[in-house]
Amino acid sequence: MNFINKLSAAWTANNSLLCVGLDPDLAKLPADLRDLPDGITTFCTRIIDATADLACAFKPQIAYFAALGAEKQLEDICRYVRENYPHIPLILDAKRGDIGATATQYAREAFERYGADAVTVNPYMGEDSLDPYLAWKDRGVIILCRTSNPGGSDLQFLNTDGEPLYQRVARLVADKWNKNGQCALVVGATFPEELAQVRAIVGDMPLLVPGIGAQGGDIAATVGAGQTANGMGMMISSSRAIIYATPQAGEDFADAARRVAIETRDAINQHRSV
């Protein structure tokens, strides 16, 4: 099953557009896990178990692992998802951007080493920088378009033949680069008007939408702007707000994550058209 088909099946099976991000920060892990050799693995796999029936995808952010020299733990976590929840897409959030042989190695890292169903990439260097990822026709290539950070406007709003650059990227992906039907776009929840404009350009192409939760994106506006006609089409990502949720009485960190994931999924579903 390719990435797009797996994602579509997960939307339906879990009735969810929620993507759970995995961003392990040692300073925020429970105290009893911080000094354990497998503490990051234990933390992330327990989050995965607590939210697997609520998510349409899991998205580990590679920098949080690489900064700690924890790539082996990331391998273990990715394997855990593949073996225990093979129906849930695994997205490696790497935002890679390079050319030629280097991009080929980045693609191997994402798809062979970590076994990801999809990877995030930066299109700044053009189509040939994406070709090594697109060659993996069963995997997803999720391309940065309109990012959720304020500084994204520095470049993404530059005028290109009468339209902002982020819209130009959306058109290139929809009209030229998505030859194998495997592409998706990253569009931030912090800019719902731009999200709606991207949706109008790309039709039913999936959108990875960061920016709710800790970044403050409005769920109602996000869903209204980005959903497809059948109430799907988005992977609305929340990381820190879920995985570092404050436990209430009787809860541990995984219970708290599950509670907030339910609240977030239900808030998203409240605004879906179907």
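# Exercises on a predicted model

**Exercise 1. Check the length of helix α4 against its residue count.**

Solution. Helix α4 covers residues 71-84, which is 14 residues. At 1.5 Å a residue, the helix should span 20 Å. The C-alpha atoms at its ends are 20 Å apart, so the expected span agrees with the model. The model itself is predicted.

**Exercise 2. State which residues of α4 are buried, and find what covers them.**

Solution. Start with the buried set. In α4 it consists of Q73, L74, E75, I77, C78 and V81. Next, look at the cover. Three helices are included: α2 (39-51), α3 (62-66) and α5 (100-113). The cover also includes the strands β1 (18-22), β2 (57-60) and β3 (91-96).

**Exercise 3. Repeat the analysis for helix α6.**

Solution. Helix α6 spans residues 127-134. Its buried residues are S129, L130, P132, Y133 and L134. Their cover includes the strands β3, β4 (118-121), β5 and β8 (183-187). The helices α5 and α8 are also included in that cover.

**Exercise 4. Describe the largest nonpolar core, then examine L207 within it.**

Solution. Take the size first. The largest nonpolar core has 91 residues. Those with the most contacts inside it are F43, L92, I143, L185, V198, L207 and M235. Helix α12 (residues 253-270) gives the most to this core, with 7 residues. In soluble globular proteins, nonpolar side chains tend to be buried together.

Now turn to L207, setting aside neighbours within four places in sequence. Its contacts include L185, V198 and M235. L207 also touches V187, L195, R199, V202, G226, G233 and M234.

**Exercise 5. Is I142 buried or exposed, and what does I142 touch?**

Solution. Locate the residue: I142 is in strand β5. Its relative accessibility is 0%, so I142 counts as buried. Leave aside neighbours within four places in sequence. The contacts of I142 then include A118, V119, T120 and V121. A184, L185 and V186 are also in contact with I142. F3, I91 and L208 complete the list.

One distance adds to this. I142 and Q182 are 40 residues apart in sequence, but their C-alpha atoms are 8.5 Å apart.

**Exercise 6. Follow the contact between I142 and F3 to the other side, and place F3.**

Solution. F3 is in helix α1. Its relative accessible area is 2%; buried means under 20%, so F3 is buried. Again leave out residues up to four places away in sequence. F3 touches I142, and also P89, I91, D117 and A118. Further contacts of F3 are D138, R139, G140, Q182 and M235. Q182 therefore appears here as a contact of F3. The C-alpha atoms of F3 and L90 are separated by 8.9 Å, with their positions 87 residues apart along the chain.

**Exercise 7. Which non-glycine residues, K95 and D161, have what positive phi, and where do they sit?**

Solution. Take K95 first. Its phi is about 50°. K95 is in strand β3. At a relative accessible area of 39%, K95 is partly exposed.

Now D161. Its phi is near 55°. D161 is in the loop between β6 (159-160) and β7 (163-164). With 82% relative accessibility, D161 counts as exposed.

**Exercise 8. Describe the second largest pocket by volume, lining and class.**

Solution. The volume is about 310 Å³. The lining has 15 residues, of which N122, P123, Y124, L165 and V169 lie nearest the centre of the pocket. Elements that give two or more residues to this lining are β5 (140-146), α7 (153-156) and α8 (165-177). The largest share, 5 residues, comes from α8. By class, the lining has 9 nonpolar, 5 polar and 1 charged residues.

**Exercise 9. Place A189 and A13, and say whether each is buried or exposed.**

Solution. A189 is in the loop between β8 and α9 (192-202). At 2% relative accessibility, A189 counts as buried. Beyond four places in sequence, its contacts are V209, P210, G211, I212, G217, D218 and T222. A189 and L33 are 156 residues apart along the chain, and their C-alpha atoms are separated by 32 Å.

A13 lies in helix α1 (residues 3-13). At 61% relative accessibility, A13 counts as exposed. A13 and L26 are 13 residues apart in sequence, and 33 Å apart from C-alpha to C-alpha.

Methods: Residues are numbered from 1 along each chain as its sequence is written. This is a predicted model: local features need pLDDT of at least 70, side-chain atom pairs count only at pLDDT 80 or more; totals for chains, interfaces and linings use all residues. Side-chain values use heavy atoms; hydrogens and water are left out. On a 1 Å grid over the protein atoms alone, a cavity is a set of points where a 1.4 Å probe fits but cannot get out, and a pocket is an open set with protein on both sides within 12 Å along at least five of seven lines; lining residues have an atom within 4 Å of a point. Grid points are joined across faces, edges and corners, and a volume is the space filled by probe spheres set on the points. Helices (H or I, at least four residues) and strands (E, at least two) are DSSP runs, numbered from the N terminus. Ala, Val, Leu, Ile, Met, Phe, Trp, Tyr, Cys and Pro count as nonpolar, Asp, Glu, Lys and Arg as charged, and the others, Gly among them, as polar. A nonpolar core is a set of buried Ala, Val, Leu, Ile, Met, Phe, Trp, Tyr and Cys residues joined through side-chain atoms within 4.5 Å. Buried means under 20% relative accessible area, exposed over 50%, partly exposed in between (1.4 Å probe, protein chains only). Contact means heavy atoms within 4.5 Å. The expected span of a helix is 1.5 Å times one less than its number of residues.
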